[in-house]
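Q: Hey, can you walk me through this one? I haven't looked at it before.
A: Sure, let's bring it up and go through it together.

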Amino acid sequence: MELFDNHKKLFTTATLLFVGLTWLVAISPAIRNQQNNKPLPAWKEPEQDVVKGKALFIANGCVACHTQQVRNVEMDKVWGSRPSLAADYAGISRTDFWRNTATLMGTERTGPDLTDVGNRQPSKDWNLVHLYNPRIVVKESVMPAYPWLFTIKKEPLEKDVVVNVPEAFLSKKEGKVVAKPEALYLLAYLQSLKQTSLPENKAVPGFLYPQQKKNAAGGSPAEEALADGQTLYAANCQACHQANGEGLPGAFPPLKGSPVVEGDNLELYVDIIMNGYDARQEYGAMPPVGTNMQFTEKEVTAIINYERSSWSNGAKNVTAEDIKKVMDVLQQKINTK
Amino acid sequence: MKSKAFFSVIILFAVAVWPGVLPAYAQEMKLSDFSFASESAWLWIVLLIVSVLFVVAMLLRRKVTELRKSYQNQKQEDDSDKLKEHIDRFNSQQIEKLLQYKKTKRSGVLFQVSWLLLAFTLFSVNTGWAQDASTTGESSLLGEGGIVITLVLVLIPILAGFILLMIKIGNAINQQKNKMRLEEASKLAGYLKDLPDEEIDAVLKKRKKALDYALTNHELSGTEPAEDSKGLLSITREPGLPIVSVKKKALPRPNIDPALARLVLGYLVCATCWLLFGTTVGQYVGIKFVAPDADHVSWLSFGRLRPVHTNAVFWGWASLAMIGLGYYIVPRVSNIKLYSMRMGWYALYLINASVLLGTISLMAGINNGGGEYREYIWPIMLLFGLGLALTLINFLRTIARRATTEIYISNWYMVSAIIFTIVISLAAYIPYWQNGLGETIIQGYYMHQGVGMWFMLFTLGIVYYFLPQQLNKPIYSYSLGILAFWTQILFYTLIGTHHFVFSAIPWWLQTVAIVGSAGMAIPVIAGTTNFLMTFKGAWYKVKDSYTLPFFLAGIIFYFTGSMQGTAEAFRFTNLAWHFTDFTVAHSHLTMYGIICFFLWACVYTIVPRLTGREAPQITMGAHFWLALIGLMFYSIPLMYGGTLKGLLWMQGKPFMEGVTLMAPYWLWRAIGGSLMWLSHLFFAYNMYKMIVRRNVVDVREAAIQKLQYEMEETPEPVV
């Protein structure tokens, strides 16, 4: 056939077919997305520290393991309160003359998704310790350690940010671990990763493939609530307070035998969970985990009951109604402020 | 008979694949209908397994009836007649022994017991196997198209296992028959024992004399010693112990331009170096999953080394090897000299420079923004692009001056691959459509076209030349090759965004990608059929060739790996597998199983032709088996663990549970990776043996030289 025996015609045809399809499925949709999507009204240009932190995130190839996309499927609900939208990425443009745009959506989730990590894990102390060596706070972690973002100083200055690293992880170096500016940039970037809230009149898009709620066939309601509490603890509290409830000396306080956990001051207890705590010098500040994660009274109850009955703790269980009352009181206090 | 069996296998494949694909299409149409009730799908699976078992059972039944018949025959026949018959069938040696026995009246039939024991053990082992194989698992997951397809793909090796089982059972039956024969033998022995001596002596001696008659073997040749005056015979004096089966030697090809040979070898040697480097890095990165604190050096941290590994094996190893082989094929099938040798060398320098600079910059923390395989910044990737452009011009000019009318199909694939890759790179690096989600859409397109339009298309082109050449017969169907070519362009171009299913990119684009992924079944099945049918009538060549096993492994992975890609693209399978280690397993099954095995096959074909030297068979075999077994150890645990992890995520379990779950599978991956890495050392050694001329003293040559030297030294006698 003429077409097949003439190299010009053959290769031109193949090229045109390929370029045409490329235009159809790649370039034209890309251009349309770029033109039609605008950032959400609540979105703000990132600050200088955050930009530097993002550059470090890119340079160290963190995207190899961490995605930044909440898919519109129920299983991704743990990573954000709503699915990511095109508008979430619309504000990201070319990094510089040498480097391309970095939406950092990622294709592997060897580590957790980071879309909303600024809400989920905002603690400065935790993040710095975790960057120095993740296995200090999460024993099973396979994340690389980033000690080159820190220096060791014999006598740190007052303005230095000292990181409380247990001796076992210091590999016999003497002195205090001090965060370099790079570590603080990276921290600023991680803390800045929060889902932008949608405009008030906009409906939040739903998640597909909802999980079927399990029937109570497998166990009594009380047992289920406890199991739920363990899962919630593992997902939200364990990173700092550890699975054995003993915390990390000098960084995160123990919950095992804690007077707050075992005591009767439910208002203080719920207040700490919902709104954070920074009353004790020797420990890092606790972020408002409950508010960030939008805990319901049932979830708070499950966590409290898990903490009160685990390890060697043996305090009485609380009911969701009690907690609801306490939460309402707290909410009123905040509102009156 | 052989082709009939082949067709029945094809039909089994078809029966197995379509019920999986059809429900998946149905699912596409009802997007929100997740709980697609698909009892039919797993019914099909069960049907498949049952039908295989049925076939096995039927074959077994036939064997057993055969056995029973022969047993009955033995019982019914008149014993004395049959035994007498045996006397006429003894050979000379047997008669001699018998006569001796008759003299000494001793008997020894002890070894019968050992036969019996062996037969018994074999039988018991086999029944155990049959029970294991027949159990099947069921769960609600089996309703999902993608999972069904994957299961079927896993079933292919299991089917091979069934065939092996059949052979084993056949052996056992044979043992049983032998046992019966031994019984007959003992009867015969008894019969012979009871015969009167004088009578039997006379008969036997006469028979022996008749049997011992032979010609002198000198009737035609006379008694003069043979002389090979034309040097036609070559006799190996000491064959030695056969540790590896002796394969056919590569045939030296005349008239390969030495300059072209140097160029091709240049590419292949560089490629080998990048393979060693890239997989050493990959191996180290794999170890970091098991030992995350192996080092604390920023240049060696996981996030930086991972792209170093992928880019080095992509652009360094596979690309250079492919282009190098292309430089051999294009002039050969065009029947003309290469347009420009110098451009070939420049392209090699450019690509090497690109990978070297890219590696250093990635380790230093300079990268393009994290899109996979797009990590090199544009000035570095530009060097690679220029190398491709030079290669394209070189190939096109050569083809334009070809001495043949038609353009052989290899050239379609290879030249198109280069054109497309230049288009892909331009689309990926031109900044005008890269903001916001534009970057993601382009990334999906780029990373998949890079794999499918560069590596796959180019490698298929190479295989279309080397496979028929190694089998010494034309490709089965040229038209199938053409069909595969155009459908590959049509469907493969569409599938890029299947890496971002459920993300914020437009839903219609995701659906197009999924449909395109299903469409990929056409070129894959066309290609696989074409290659396998080319083997038809030449299967016997596999056993005495060292390149064909590599081709065969490549073809099998081409089918299973590519179809797995289709299965992975469906929406449900995306839920379970996306973001898990399953993806890593898949990319190794394809890039390693398909591309690397094909490339090795072609390298082992071509290098001995260029240099006239071959690698030792034992290291070649070690390369093949370590690579194959290593790949299996690498990918199967990751697929299994990845599925478990995905299911855990779907149940909403804490993230760390998935990490602890993967620990043993990551260890297996490191073990498999080590085997693969070891195989590359063997490959590099083989390359060395094939290329480097060794300074070995040839005894005869040295003796002659010595004599000549002495002749020159001694002064001529004065007359």
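**Where the chains meet**

A: This is a predicted model, and a good place to start is Asp293(B), which forms a salt bridge with Arg135(A). The closest N and O atoms of that pair are 2.8 Å apart.

Q: OK, and how many salt bridges are there across the interface of chain B and chain A?
A: Just one salt bridge turns up across that interface.

Q: What about polar contact, how many residue pairs between the two chains?
A: The count is 20 residue pairs in polar contact between chain B and chain A, both residues at pLDDT 80 or more. As for classes, chain B's side of the interface has 55 nonpolar, 29 polar and ten charged residues.

Q: How many residues does each chain put into the contact?
A: Chain B gives 94 residues and chain A gives 77 residues.

Q: And how much area is buried between them?
A: About 7,400 Å², with 69% of that coming from carbon and sulfur atoms.

Q: Which three residues of chain B supply more of its buried area than any other three?
A: Phe502(B), Phe579(B) and Phe655(B), which supply 10% of the area that chain B buries against chain A.

Q: Switching topic: where is Ser310(A)?
A: Ser310(A) sits in a loop of chain A, between α13 (297-309) and α14 (320-336).

Q: Is Ser310(A) buried or exposed?
A: Buried, because its relative accessibility is 10% and the cut-off for buried is under 20%.

Q: What does its side chain reach?
A: The side chain of Ser310(A) reaches the backbone oxygen of Tyr306(A), at 2.5 Å.

Notes: Residues are numbered from 1 along each chain as its sequence is written. Chains are lettered from A and ligands numbered from 1 in the order in which they are written. This is a predicted model: local features need pLDDT of at least 70, side-chain atom pairs count only at pLDDT 80 or more; totals for chains, interfaces and linings use all residues. Side-chain values use heavy atoms; hydrogens and water are left out. Helices (H or I, at least four residues) and strands (E, at least two) are DSSP runs, numbered from the N terminus. Buried means under 20% relative accessible area, exposed over 50%, partly exposed in between (1.4 Å probe, protein chains only). A polar contact is a pair of N or O atoms within 3.5 Å; within protein, one must be able to donate a hydrogen and the other to accept it, and residues adjacent in sequence count only if both atoms are side-chain atoms. Contact means heavy atoms within 4.5 Å. Buried area is the accessible area (1.4 Å probe) that two parts lose on being put together, summed over both. A salt bridge is a side-chain nitrogen of Lys or Arg within 4 Å of a carboxyl oxygen of Asp or Glu. Ala, Val, Leu, Ile, Met, Phe, Trp, Tyr, Cys and Pro count as nonpolar, Asp, Glu, Lys and Arg as charged, and the others, Gly among them, as polar.
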